[in-house]
Amino acid sequence: MLGFVTSPDDLDGVRFGSVHGLDAILVATPHATAAISVFGGQVLSFIPAGTADDVLWVSPLVAPPPTAIRGGTPVCWPYFAREGQTGDVPSHGYARTARWSLIAGHTIESGGTELELAPEGLGHLPLTLRMTVRVGVTLEQGLHTHNPGDATVAMTEAFHNYFRVSDVGRVRVEGLDGLTYLDKFDDLRSHTQRGDWVLPHDDPRSDRIYPGAAGHYRLVDPGLRRSIEVSVRGGQTAVVWNPGEEVASGMADVGHHWRGFVCVEAANAGPDVVEVPAGGDHSLWQMISVSAFE
Ligand SMILES: O=P(O)(O)OC[C@H]1O[C@H](O)[C@H](O)[C@@H](O)[C@@H]1O
């Protein structure tokens, strides 16, 4: 345990640098390398040892701060989209456009590295936030919310994971079969997921919110010959998002790159609102692991 750190230089295998032109905390362990953005706090890169392709996608057209970074694992907090909000608030809350600081770090038993981070400048909110990032054979993230006040506060949240894929039209997501989803591309009407998620052929785009999901999702990508598993604790909702060609053409930081990613998000959103009691805590955890095909 190296305890509290003021600079990543205090930690073996951890240093400041940049990735995709963005300031980042770079982490190297025997099991994987990773990069965590100082702006937004999201993990921008996770590459298990012995593999070539990044698990995460960051837009080649990524805009500089203060525009939210399109890629990695953006932290949507303390609300998802603009759920439960009034007025002209930023999409997906304040954490993804905050500067984050490294609070602590240590090497864990498995030889991985665990870091604790917190966003700066969010003292005006009724909830506080910190995040654990564990880089090892798997990538684990814990989003920890505390309510220091004397009244219950309702919140929604997400790890808005952008996974790199060979072609969004040629992958599938297991773990959603039979669930009801709310389709944001169909005025939030309810539909039933039949079989695995695939990009619809007739209307190739997806903005689906699956409340009450099981928390185990598997993104199978024959093109990259790998599958990515997402295991969630403390998150009741899955979201699967890709804007499709037409919407992407109007997004400066996606454009024609829309086929290169799919977002499989670990969330509490839609009807899965979290009530954090006075003095209480809530954590959303995700574990991302990768398997290569034989
Ligand atoms: O453009 P952003 O604010 O980053 O949001 C990107 C997307 O995030 C989520 O997946 C929402 O369900 C979508 O409705 C939204 O379009």
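**Group meeting: strands, core and ligand shell of a predicted model**

Good morning. V262 touches F163, V165, V168, V171, L219, V240 and N242, leaving aside residues up to four places away in sequence. I begin with that residue and work outward from it. Please keep in mind that this is a predicted model.

V262 belongs to the largest nonpolar core, which has 71 residues. The residues with the most contacts inside this core are A34, L56, F163, V262 and V264. The strand that gives the most to the core is β20, with 6 residues.

Let us therefore turn to β20, which covers residues 261–268 and has 8 of its 8 residues buried, where 20 or more other C-beta atoms within 10 Å make a residue buried. On one side of β20 lie F261, C263, E265 and A267, and on the other V262, V264, A266 and N268; all are buried, and both faces are covered. The buried residues named here include E265 and N268.

Which strands pair with β20? One of them is β11, residues 157–159, which runs antiparallel to β20 and is joined to it by 3 bridges. Within that pairing, E157 stands opposite N268. Strand β12, residues 162–164, is also antiparallel to β20, again with 3 bridges. Here R164 has F261 as its bridge partner. Finally, β19 and β20 run antiparallel and are joined by 5 bridges. In this pairing V240 faces V264. V240 also appears among the residues touched by V262, and V264 is listed with V262 among the residues with the most contacts inside the core.

From β19 we can continue to β16. Strand β19, residues 237–242, pairs with β16 in the antiparallel sense over 5 bridges. S206 of this pairing stands opposite N242 in β19, and N242 is another of the residues that V262 touches. Strand β16 itself, residues 206–210, is mostly covered, with 4 of its 5 residues buried. It is also joined by 2 bridges to β14, residues 180–183, and the two run antiparallel. There, L182 stands opposite I209 in β16.

I now come to the ligand. Which residues surround it? They are A68, A81, S91, H92, K184, D207, V239, W241 and C263. By class, this shell has 5 nonpolar, 2 polar and 2 charged residues. Several of these positions fall in strands already described: C263 is on one side of β20, V239 and W241 lie within the range of β19, and D207 lies within that of β16.

The next topic is the sheet formed by the strands numbered from β1. It is an open sheet of 4 strands in the order β1-β2-β3-β4, with antiparallel pairing. Its edge strands are β1 (14–19) and β4 (43–48), each of which pairs on one side only. From one strand to the next, the twist averages 25°.

Is the edge strand β4 largely enclosed or open? Because 5 of its 6 residues are buried, β4 is largely enclosed by the rest of the structure. Its pairing with β3, residues 32–37, is antiparallel and runs over 5 bridges. A32 stands opposite P48, while T33 has I47 as its bridge partner. Together, β3 and β4 form a hairpin with 5 residues between them, and G40 in the turn has a positive phi of about 95°.

I close with some backbone details in the loops. Two cis peptide bonds deserve mention. One joins P65 and P66, with omega of about 15°, and P66 is found in the loop between β4 and β5 (75–76). Another joins W77 and P78, with omega of about 0°; P78 lies in the loop between β5 and β6 (100–107).

There are also residues other than glycine with positive phi. For L188, phi is near 60°, and the residue sits in the loop between β14 and β15 (189–192). L188 counts as exposed because it has 12 C-beta neighbours inside 10 Å. For R225, phi is near 55°, and its place is in the loop between β17 (216–221) and β18 (226–233). R225 is exposed as well, with 12 other C-beta atoms within 10 Å.

Thank you. I welcome your comments.

Note on methods: Residues numbered from 1 in each chain as written. Predicted model: local features only at pLDDT ≥ 70, side-chain atom pairs only at ≥ 80, totals over all residues. Near = placed C-beta within 6 Å. Nonpolar A, V, L, I, M, F, W, Y, C, P; charged D, E, K, R; others polar. Pairing = 2+ DSSP bridges. Axes fitted to C-alpha atoms, helices over the stretch in contact; angles between N-to-C directions. Core = buried A, V, L, I, M, F, W, Y, C linked by C-beta atoms within 7 Å. Contact = placed C-beta atoms within 7 Å.
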